[in-house]
Amino acid sequence: MIGALSRAFDRFRGSGDAAVTIPSMDGAFRPNHKLDTASAVLEIAAPDNIGYDGRRILFTSDSALFELKLSTDPAAERIAEYEHPLASLDVHPGGAIALGLASGGITLRGGDHDGRRLDTVEGRPILCPTAVRFIDAGTLLVCLGSQRNDPTQWTRDLLDGNSSGSVWRLDIKSGKGTCLADRLAWPNGVIVPAQGRVVIAEAWRHQLIELAGGRGRPLLSDIPGYPARIAPATNGYLLAIFAPRSQLVEFVLREPRFRQRMMREVDPRFWVAPSLHHALDYREPLQSGAIKQLGELKPWAPSRSYGLIAGLDYGFDPIISFHSRADGKRHGITSCIEADGRILATSKGGNLILGVEPAREEGPVP
Amino acid sequence: MTPLIEMRNVTKAYRGVPALSNVTFDLRLNEIHGLVGENGAGKSTLTKIMVGVTEATSGNMLLDGKPVSFKTPAEALRHGVTMVFQETSLVPSMTVAQNLYLGDEKLFNRLRGIYIAAQTFLNSMNFSVDPWATVSTLGAAKKQMVEIARAVRQNARVIIFDEPTASLTPEEKYYFFSLMKNLKKRGVSIVFISHALEEALQHADRISILRDGELVVTDNASNFDRDKIIRAMVGRTLSNELYNRKATEGAPRRAGAKVLSVKNLSMGKIVRNNSFTIYAGQITGVFGLIGSGRTETAKIISGIVKRDFFYGGEVRLFGKPVRYRVPRPSVRDGIVYVTEDRKLEGFFETMSIAENLQVGTLAADSIGANMVVRMSQVQELATRWTKALNVRAINSNARVIELSGGNQQKVVIAKSLVQKPKLIIFDEPTRGVDVGAIAEIHQFINRLADEGIAVVVISSYLPEVINLSDRILVYRAGRVVEEFSPAEATEERIMYAAVH
């Protein structure tokens with residue numbers, strides 16, 4: 001009762017949850033052009049899910065699995081093609097590859113369980129596998145983003161305000177699984193920083209949480225964007241942030257009637273929602289118009305897309321970031337890894353694989 | 001040429017302790033004479049003797065070659081000698097125009113005429129001050145402008161400025177120095193006391209340096225440089241300690257955990273949609289012109305003033321939303337604000353150092369926790385902090401009003417530190433403080449950041465911001481508009497961001 005009254009009062013005065021605020025990009029998140037100036041390793045349509053097993057660099061693009069060949073003239077070698085788009089990927093140093101399918105289910109390639117397919121866990125269908133991670137050669141951690149939408153429908157899931165995601169530990173051989181946490185808001189990345197620890201990127205709540213006893217303890221909250229995959233780096237971790245938060249979207253998320261009508265009547269391409277790519281159509285909402293300040297192009301309206309990678313220390317505190325700003329095109333960074341002495345990142349919105357080389361003075365991370 | 005004012009072998013002793021010893025000083029016609037020295041060097045005593053605030057124990061003063069001895073400031077003013085004090089002598093409850101004409105009223109005053117004349121006069125000096133405004137509503141810079149205007153209006157031949165630029169923004173300083181040059185052209189001679197050595201070097205014709213009540217040197221400004229002045233002032237060079245980052249610290253500190261997150265903070269027209277983050281173990285420098293909302297933002301965070309009731313934004317301390325209505329709960333949560341106006345808000349001037357520090361602990365403890373206070377504990381606390389901060393006083397029972405500016409500032413800092421802050425906001429920590437004390441305060445601020453405390457330093461002095469900070473936030477029109485790293489920050493870039 002008191003909580004309801006408090007929420008009503010917050011709505012009246014625009015405070016608390018109704019403040020419609022977003023964190024500023026300052027400190028470690030201070031904008032720069034490091035993704036815009038990074039080298040373009042490979043041009044390919046909608047690259048996603050990059051992984052590295054110590055020998056091979058693999059990535060997905062739509063329904064195909066590729067190996068990235070780094071040389072003077074980088075190229076992608078198609079390894080396999082699937083019937084449905086690939087939603088997630090992890091590679092084990094032993095050679096096994098786990099792939100999450102956008103249509104549901106997980107398939108294994110190589111290693112001891114080559115060809116194994118997992119479609120259910122504890123009697124529930126494996127829907128929306130947004131991230132997978134090997135704990136060891138026989139055990140997988142799986143993030144299921146939503147029970148209602150598949151990975152391609154992520155904007156709908158955000159606008160619906162869903163929090164039906166879950167994280168599972170799966171024994172590949174027996175197919176048995178344990179639910180580590182549920183009612184998560186689009187878990188979209190997972191990492192095992194140490195034996196027994198599991199850290200999840202919860203996109204719609206803009207946070208990284210550590211799972212313990214079925215509950216999540218926030219490690220990094222109030223991220224200025226929607227986090228995606230996490231990868232280990234030399235002295236910490238790399239976090240891909242696939243879209244920026246904006247007050248406009250936060251406001252729309254607080255207006256259910258407007259939102260429902262928009263989703264009913266407007267083409268999904270033109271919804272007021274985060275996006276993976278730069279404005280390409282004049283009908284997209286509020287992308288035109290900008291001012292130049294201190295040599296930077298600053299849009300009147302908040303950008304719906306952005307390119308951002310954060311370097312985190314071992315405590316998951318951000319210490320450095322790499323940006324493609326409103327006037328850049330290397331947006332929608334969905335995953336990144338450290339390999340070949342640099343950061344390799346998939347810009348799904350920019351149709352590129354990027355190679356970012358941090359300046360020496362920026363230290364060893366990442 | 002006969003000097004306009006000449007002080008010959010002037011000595012002033014208080015209870016047998018000399019504040020000035022055998023000082024000889026002269027001010028020439030049409031001259032800007034810089035007077036520099038550490039706090040307690042005797043600058044104020046010398047100038048107070050010139051304007052009749054106090055009398056010399058021995059020695060002579062000559063005006064136009066004739067011996068004079070002023071008993072009161074009014075008598076000095078009749079002879080064309082006046083002083084603009086650091087703490088303005090305006091009547092706060094009166095309007096600007098009334099203050100300008102104070103003591104010069106006619107039997108039947110026509111108020112409208114006074115206001116029109118005041119407006120015309122202020123305009124002629126390029127001062128944007130409303131003559132109808134009550135002085136108490138003015139900021140420090142505008143009070144200073146009114147004080148200067150009053151001196152000029154009284155047709156003074158000699159004006160002594162005591163730290164005139166301490167509370168002015170760079171833009172206002174520019175106007176002030178233009179005014180000083182205009183006064184010089186009109187035949188006014190100026191004594192200019194300043195702790196900002198660049199100002200003395202740039203704008204004075206000659207410079208005199210006092211140390212421990214004695215005149216060390218007088219020479220043309222062109223014969224000095226910054227190091228030479230500092231050497232003469234303190235007997236050693238402090239330039240590297242003060243404003244050379246590489247010599248003191250090297251690379252900026254990395255950000256620790258997020259301590260404070262301010263999002264879309266708003267308060268009327270002063271703070272508008274302001275967002276920024278403060279991290280542990282770092283010094284965040286804040287620069288902005290007066291009126292840019294930097295102090296007001298700090299005061300909202302620490303509960304001294306309130307943000308807008310409707311859509312006032314959000315402040316999170318360690319991830320938890322906070323909204324303080326009074327400072328006490330913010331102090332208990334670990335937020336400490338060290339005021340820019342130490343004399344008005346920083347301490348109880350007639351109380352001792354020990355009592356002031358005890359007052360600091362009262363705010364941090366829960367109500368009733370300190371109902372009974374042991375004097376031995378208070379003394380022990382005071383002794384510890386005066387030693388830690390190197391407060392130079394006879395003992396911890398010395399009244400704060402008796403201390404020099406630098407030592408007063410150290411007491412204000414100590415009073416804040418006894419509250420065990422997690423986030424400390426220094427607002428103009430070295431304003432009106434001599435170079436020796438500035439170095440000590442800077443070292444102390446650095447030590448706090450090294451210990452992992454989140455430190456914010458608001459300063460109008462660009463070299464201080466650039467060299468002390470690990471990151472620099474620039475304010476304009478009520479919000480943070482730019483962030484610079486120390487490596488890329490230059491005075492020009494910061495000023496450009498603050499103005500345009």
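## The interface of chain A and chain B

A:Arg30 and B:Glu488 are joined by a salt bridge, in which the closest N and O atoms lie 2.6 Å apart. This pair belongs to a predicted model, and across the interface of chain B and chain A the rule finds three salt bridges. Polar contacts are counted there as well, with 12 residue pairs between chain B and chain A, both residues of each pair being at pLDDT 80 or more.

Several elements of chain B take part in the side that touches chain A: strand 11 (258-267), strand 12 (271-279), strand 14 (314-317), strand 19 (471-476), strand 20 (479-484) and helix 19 (491-499) each supply at least two residues. Of the elements of chain B, strand 12 gives the most to that side, with five residues.

In terms of residues, 31 of chain B are in contact with 28 of chain A. The area buried between the two chains is about 2300 Å², and carbon and sulfur atoms give 44% of this area. B:Arg254, B:Tyr311 and B:Glu483 together supply 23% of the area that chain B buries against chain A, which is more than any other three residues supply.

### Strands in the two chains

Within chain B, an open sheet of four strands follows the order 12-11-14-15, and the pairing is antiparallel. Its edge strands, each of which pairs on one side only, are strand 12 and strand 15 (320-321) of chain B. Strand 11 and strand 14 of chain B run antiparallel and are joined by four bridges; here B:Leu260 has as its bridge partner B:Leu317, a residue of strand 14 of chain B.

In chain A, strand 4 (residues 64-69) and strand 5 (residues 75-81) also pair in the antiparallel sense. The connection from strand 4 to strand 5 of chain A is a hairpin, which passes through five residues. A:Leu68 stands opposite A:Ala76, which lies in strand 5 of chain A.

The two antiparallel pairs can be set out together:

| Strand pair | Bridges | Facing residues |
|---|---|---|
| Strand 4 and strand 5 of chain A | six bridges | A:Leu68 and A:Ala76 |
| Strand 11 and strand 14 of chain B | four bridges | B:Leu260 and B:Leu317 |

### A buried lysine in chain B

B:Lys12 is found in strand 1 (residues 5-14) of chain B. What is the nearest side chain of opposite charge to B:Lys12, and how far away is that side chain? The nearest is B:Glu55, 7.5 Å away, and B:Lys12, although buried, has no salt bridge. The side chain of B:Lys12 does, however, reach the backbone oxygen of B:Glu55, at 2.9 Å.

How values were computed: Residues are numbered from 1 along each chain as its sequence is written. Chains are lettered from A and ligands numbered from 1 in the order in which they are written. This is a predicted model: local features need pLDDT of at least 70, side-chain atom pairs count only at pLDDT 80 or more; totals for chains, interfaces and linings use all residues. Side-chain values use heavy atoms; hydrogens and water are left out. Buried means under 20% relative accessible area, exposed over 50%, partly exposed in between (1.4 Å probe, protein chains only). Lys and Arg count as positive and Asp and Glu as negative; His and the chain ends are not counted. A salt bridge is a side-chain nitrogen of Lys or Arg within 4 Å of a carboxyl oxygen of Asp or Glu. A polar contact is a pair of N or O atoms within 3.5 Å; within protein, one must be able to donate a hydrogen and the other to accept it, and residues adjacent in sequence count only if both atoms are side-chain atoms. Two strands pair if DSSP finds at least two bridges between them. Contact means heavy atoms within 4.5 Å. Buried area is the accessible area (1.4 Å probe) that two parts lose on being put together, summed over both.
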